[in-house]
Amino acid sequence: MDFCGAADYSPFDCLLFDLDDTLYPLSTGIAPACKRNIDDFLVERFGFSKEKASTVRIELFKSYGSTLAGLRALGYDIDADDYHSFVHGRLPYDAIKPDPQLRTLLKSIVQRKLIFTNSDRTHAIKVLERLCLLDCFEQIISFETINPNLPNSTRPDEFPVVLKPSIDAIKTAIIAADVDPRRTLFLDDNPRNIAAGRAMGLSTVLVGQQEKSEGADYVVENMVNLPKAVPEIWIGGSDGGDQRIARTRSELDAVLAAMTVGA
């Protein structure tokens, strides 16, 4: 592996992390449970059969990015908080376990670290608490952040729901984070989100895959492989004068050794 010289500095001032299926593995089972809860929402609130509910959920996701976005776009006055409470309130959060290895990795990153998720803030906090990672991030950019006008809507289609991978969602996150996209690294498990982030000038890491997708600058099968895939996060630091972050080769070697144990 080639290492940057002592005069070099990290190209990244900030890292934007997706939450679900990025900071914890898909095998946890949260995603399938969430889909089942959405189906139950459609059954209980709209009277669909279980089979029809699943079909509607898939079609709304394909057309609008989420079931909530689709229902509101079609004129259904669905309260976002009520929807999230139903869909996320029944999730098996106890399946998410603390991840000390990931915590060590995150704590070794001295740049700003933020969460950027389509999920609501309550869900994000619960997940981060289960992972014991809440204090690793300075800000959570959530559904509420990228849909600030939704509570003020007078009709369901007045303010369309904005979510990744829409350019508007990425743009809002960049503004909310107050970052230079050219010096920001975006990590997500969804190839469509990665492509949108790259289109907005972010450097990108596709998580949970072995091969790069369109728009992915880097790929990691597991978050603990990040130091190998993107060592420039740790070497040097920001070139912002007094805000410079110094890293030596020996320090990076120590980080790599710690992160690859058990990977």
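The protein comes out with 11 helices and 6 strands, taking helices as DSSP runs of H or I with at least four residues and strands as E runs of at least two, both numbered from the N terminus. This is a predicted model, so local features need pLDDT of at least 70 and side-chain atom pairs count only at pLDDT 80 or more, while totals for chains, interfaces and linings use all residues. Residues are numbered from 1 along each chain as its sequence is written, and side-chain values use heavy atoms, with hydrogens and water left out.

On the whole-protein level, buried residues make up 46% of the 263 residues; buried here means under 20% relative accessible area, exposed over 50%, and partly exposed in between, with a 1.4 Å probe and protein chains only. About 12,600 Å² is exposed, with carbon and sulfur atoms supplying 49% of it (Shrake-Rupley method, 1.4 Å probe; for residues, only the protein chains shown count as cover). Among contacts (heavy atoms within 4.5 Å) with a separation of 6 or more, 63% come from residues 24 or more positions apart.

Now for the interior. The largest nonpolar core has 54 residues, and Phe17, Leu23 and Leu226 touch the most other members. Such a core is a set of buried Ala, Val, Leu, Ile, Met, Phe, Trp, Tyr and Cys residues joined through side-chain atoms within 4.5 Å. Helix α1 (residues 30-46) gives this core its largest share, 6 residues. A second, separate core numbers 19 residues, including Cys14, Leu16, Ala169 and Ala173. Beyond its neighbours within four places in sequence, Leu226 contacts Leu105, Leu187, Val205, Val220, Pro231, Ile233 and Trp234. One of these partners, Leu105, sits in helix α5 (residues 100-108), where Leu102, Leu106 and Ser108 are buried along with it. These four span an arc of only 160 degrees around the axis, which puts them on the same side of α5; the arc is taken from the directions from the helix axis to the C-beta atoms.

Aromatic rings pair up 7 times in the structure. Rings of Phe, Tyr and Trp (its six-membered ring) count as a pair if their centres lie within 6.5 Å, with planes under 30 degrees apart called stacked, over 60 edge-to-face and the rest tilted. Phe17 and Phe137 are edge-to-face because their ring centres are 5.6 Å apart and their planes stand at 75 degrees. That pair bridges 120 residues, from strand β1 (residues 14-17) to the loop between α6 and β3 (139-141), and both partners are buried. Phe41 and Tyr83 also make an edge-to-face pair, with centres 5.2 Å apart and planes at 80 degrees. Here helix α1 is linked to helix α4 (residues 80-89), 42 residues away, and again Phe41 and Tyr83 are both buried. The two belong to one aromatic cluster with Phe46, Phe48, Tyr76 and Phe86.

Back in strand β1, Cys14 is buried at 1% relative accessibility. Its C-alpha atom lies 8.6 Å from that of Asp180, 166 residues apart along the chain. Apart from neighbours within four places in sequence, Cys14 is in contact with Gln111, Arg112, Leu114, Val179, Arg183, Thr184 and Leu185.

Thr117 falls in the loop between β2 (112-116) and α6 (121-131), and is buried with a relative accessible area of 1%. A polar atom of the Thr117 side chain lies 2.9 Å from the backbone nitrogen of Ser119. Not counting residues up to four places away in sequence, Thr117 touches Asp18, Leu19, Asp20, Ala124, Ile141, Ser142, Phe143 and Lys164.

Conventions:
A polar contact is a pair of N or O atoms within 3.5 Å; within protein, one must be able to donate a hydrogen and the other to accept it, and residues adjacent in sequence count only if both atoms are side-chain atoms.
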